[in-house]
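Trainee: I keep meeting labels in structure notes and I'd like to know what earns them. Could we go through one example together?

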Amino acid sequence: MLISYSHQFLFIHVYKVAGTSIRRALAPFAHRPEQKLVNRMLRKLGRDSGLPLSRYRVFPPHAKARELQARLPADVFTDFFKFAFVRNPWDWQVSLYHYMLQKDTHGQNPLVEAFESFDAYVEWRVSEDLWLQKEFVTDERGRLLVDFVGRFERLEGDFGRVCRKLGIETELPYVNPSSHRDYRTYYSAHSRRLIEEHFAEDIELFEYEFDRG
């Protein structure tokens, strides 16, 4: 995630949705609070007096919007422009699968390497380690907490919309990609149906289909 007090935005980083590229592009205008104390931001906003600042010091890189809402001053969360990017769930899982295979330092690399097929990976994912993209951008009732949800499938255009909104000029680099074929070639009828069933909330909220981003 990123916080900017100069341009007043919060970027919620959904993993494997070009977030590293977006963070790289916006880094000159923001803080990475998983590495730096956020106290300076709060002082500039005049919000450091009387606050339990230990609550605001460090955020994980993939902090969810609801976590930020709970930990930041209410007017900061309300007034800042909040945005995230999401990805077709079928494509998302192929990207995650190959990222974990190709990055031997990833904690789940040995597990994923042991799977006999992509279908086996999908079966593990939906039964053992299921995470929805909507969890990053909604509250406990499923209501959106962000002002804008961009799509990976139209990354350049949607990122441009964000930059125009923020009054920022920057280039979007190509960082941290995973290499793989068209995601549709990886799916059997069985694994395609598993994603459809278990990621139904993402598919409905973000209006995705198997053949269309």
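Mentor: What follows is a chat about some labels used for this predicted model.

Trainee: Let's start with D91 and R87. What makes this pair a salt bridge?

Mentor: Distance. The closest N and O atoms of D91 and R87 are 2.9 Å apart, and the cut-off is within 4 Å, so the pair counts as a salt bridge. In general, side chains of opposite charge can pair when their charged atoms come close.

Trainee: And how do you know whether D91 and R87 are buried or exposed?

Mentor: Buried means under 20% relative accessible area. D91 comes out at 9% and R87 at 6%, so both get the label buried.

Trainee: How about R143 and D139, which form a salt bridge too? What are they called on that scale?

Mentor: They get two labels. D139 has a relative accessible area of 8%, so it is buried. R143 has 47%, and since exposed needs over 50%, R143 is called partly exposed. Their closest N and O atoms are 2.8 Å apart.

Trainee: R184 and D211 have 3.8 Å from N to O. Why is that called a salt bridge?

Mentor: The 3.8 Å value is within 4 Å, so the label holds. R184 sits in the loop between helix 8 and helix 9, while D211 is in the segment after helix 10, so the pair ties together parts that are 27 residues apart in sequence. R184 itself is partly exposed, at 35%.

Trainee: Which residues make up the network around that pair?

Mentor: D182, R184 and D211 are linked in a network of salt bridges. The structure holds eight salt bridges.

Trainee: Now D119 in helix 7. Why does D119 have no salt bridge?

Mentor: Look at the nearest side chain of opposite charge: that's R193, and it is 8.7 Å away. The cut-off is within 4 Å, so R193 doesn't qualify. D119 is buried all the same.

Trainee: So what does the side chain of D119 make polar contacts with?

Mentor: Two serines. The side chain of D119 makes a polar contact with the side chain of S188 at 2.5 Å and another with the side chain of S191 at 2.8 Å. The limit is within 3.5 Å, so both distances pass. Leaving aside neighbours within four places in sequence, D119 is in contact with Y186, S188, H190 and S191.

Trainee: Let's move to strand 3. How do you know it is largely enclosed?

Mentor: Count the buried residues: six of the six in strand 3 are buried, so the rest of the structure largely encloses it. Both faces are covered, with F81, F83 and F85 on one side and K82, A84 and V86 on the other.

Trainee: What makes strand 3 a partner of strand 2 and strand 4?

Mentor: Bridges. Two strands pair if there are at least two bridges between them. Strand 2 and strand 3 are joined by four and run parallel; strand 3 and strand 4 also pair in the parallel sense, over four bridges. As examples, F83 is the bridge partner of F11, and F85 stands opposite G150 in strand 4.

Trainee: Helix 8 next. How do you know its span agrees with what's expected?

Mentor: Helix 8 has 12 residues and should span 16 Å at 1.5 Å a residue; its end C-alpha atoms are 16 Å apart, which agrees. Its buried residues, among them F159 and L166, pack against strand 2, helix 1, strand 3 and strand 4. Just after helix 8, G167 takes a positive phi of about 70°.

Trainee: Why is helix 1 called mostly covered?

Mentor: Six of its eight residues are buried, including I22 and L26. The cover includes strand 1, strand 2, strand 3 and helix 8.

Trainee: Last ones: A18 and E207. What makes their phi values stand out?

Mentor: Each has a positive phi without being a glycine: about 60° for A18 and near 60° for E207. A18 lies in the loop between strand 2 and helix 1 and, at 16%, counts as buried. E207 lies in the segment after helix 10; its 56% is over the 50% line, so E207 is exposed.

Key. Residues are numbered from 1 along each chain as its sequence is written. This is a predicted model: local features need pLDDT of at least 70, side-chain atom pairs count only at pLDDT 80 or more; totals for chains, interfaces and linings use all residues. Side-chain values use heavy atoms; hydrogens and water are left out. Helices (H or I, at least four residues) and strands (E, at least two) are DSSP runs, numbered from the N terminus. Buried means under 20% relative accessible area, exposed over 50%, partly exposed in between (1.4 Å probe, protein chains only). Lys and Arg count as positive and Asp and Glu as negative; His and the chain ends are not counted. A polar contact is a pair of N or O atoms within 3.5 Å; within protein, one must be able to donate a hydrogen and the other to accept it, and residues adjacent in sequence count only if both atoms are side-chain atoms. Contact means heavy atoms within 4.5 Å. The expected span of a helix is 1.5 Å times one less than its number of residues.
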